[in-house]
Amino acid sequence: MRRLACLASALLLAACATAPGRAPTLYEQLGGRDGIAAITDRLLDAFAGDPLVAPAFRHVDIRRYRINFTDYLCQIADGPCHYTGDSMAEVHRGMHIDEAAFNAVVQDLITAMDRQHVPVRVQNRLLARLAPERKDIIYR
Ligand code: HEM
């Protein structure tokens with residue numbers, strides 16, 4: 001009887017050890033803050049070669065952008081970061097961004113995530129969270 005009880009508790013322990021834990025956050029799936037910073041770096045590379053985007057960044061403080069954009073993505077992905085910049089509407093006010101430029105940035109982000117080996121389903125999770133920002137960014 002005692003052996004049966006031991007066997008039962010051993011099976012229970014094994015089940016606990018292999019039971020799936022909580023689902024990973026998007027932040028974790030993106031590789032944490034380091035992974036997100038690497039995506040931002042690859043995004044900046046893609047911007048530099050994109051004629052629809054590069055001119056807008058000609059006079060931007062890239063060091064500051066790199067920190068703030070990484071914090072922004074980190075926060076939107078439920079990471080432990082705090083984006084301290086202005087709202088999307090304020091940041092992009094006066095830039096007169098049209099759909100073509102917006103789509104170009106989204107495509108550059110996809111390129112950056114591909115180069116960072118982010119799985120497509122994870123890319124789609126991030127893009128779905130950015131989609132609502134579109135209305136605050138274009139035609140400002
Ligand atoms: C998915 C779309 C986009 C998102 C999520 C996004 C997000 C952001 C964020 C978080 C910042 C703040 C960075 C900082 O404080 O330095 C920023 C700045 C900026 N964005 Fe966007 N953006 C998007 C689309 C675009 C597009 C389409 C353009 C133009 C082609 C653009 C041009 C800029 C520029 C020039 C700045 C720097 C502003 C400055 O430092 O004065 N963005 N963006």
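These are my notebook entries on a predicted model, taken feature by feature.

**Entry 1. The iron site**

I began with the iron atom of the ligand and asked which protein atom serves as its donor. The search returned a single donor from the protein, NE2 of H92, at 2.1 Å. I then placed H92 in the secondary structure: the residue sits in the loop that runs between α5 (88-91) and α6 (99-115).

**Entry 2. The largest pocket**

I next looked up the largest pocket and recorded a volume of about 960 Å³. Its lining comprises 33 residues, and those closest to the centre are F57, Y65, F69, V91 and H92. H92 thus appears in this entry as well as in the previous one, as the iron donor and as a lining residue of the pocket.

I asked which helices each supply at least two residues of the lining. I noted α4 (62-76), α5, α6, α7 (120-130) and α8 (134-137). Sorted by class, the lining holds 23 nonpolar, four polar and six charged residues.

**Entry 3. The disulfide**

I searched for disulfides and found one in the structure. The bond joins C74 to C81, with an S to S distance of 1.9 Å. I checked its handedness: the torsion about the S-S bond of C74 and C81 is about 65 degrees, so the disulfide is right-handed.

Are the two cysteines buried or exposed? C74 has 0% relative accessibility and therefore counts as buried. C81, at 13% relative accessibility, also counts as buried, because the cut-off for that class is under 20%.

**Entry 4. Surroundings of E133**

I located E133 in the loop between α7 and α8. Setting aside neighbours within four places in sequence, I listed the residues in contact with E133 as Y72, I76 and M88. For the pair E133 and M88 I recorded a separation of 45 residues in sequence, against 7.1 Å in space from C-alpha to C-alpha.

**Entry 5. Positive phi outside glycine**

I looked for residues other than glycine with a positive phi, and I noted D78 and H96. Phi of D78 is near 70 degrees, and D78 belongs to the loop between α4 and α5. For H96, phi is about 50 degrees.

Where does H96 lie? H96 is in the loop between α5 and α6, and the iron donor H92 is found in that loop too. I closed with the accessibility of H96: its relative accessible area is 62%, so the residue is exposed.

Methods:
Residues numbered from 1 in each chain as written. Predicted model: local features only at pLDDT ≥ 70, side-chain atom pairs only at ≥ 80, totals over all residues. Heavy atoms only, no water. Donors = N, O, S within 2.8 Å, 3.2 Å for Na, K, Ca; no water. Helix = DSSP H or I, 4+ residues; strand = E, 2+ residues; numbered from the N terminus. 1 Å grid on protein atoms, 1.4 Å probe; cavity = no way out; pocket = protein on both sides within 12 Å on 5 of 7 lines; lining within 4 Å. Points joined across faces, edges and corners; volume = space filled by probe spheres on them. Nonpolar A, V, L, I, M, F, W, Y, C, P; charged D, E, K, R; others polar. Disulfide = S-S within 2.5 Å. Buried < 20%, exposed > 50% of the residue type's maximum accessible area, 1.4 Å probe, protein only. Contact = heavy atoms within 4.5 Å.
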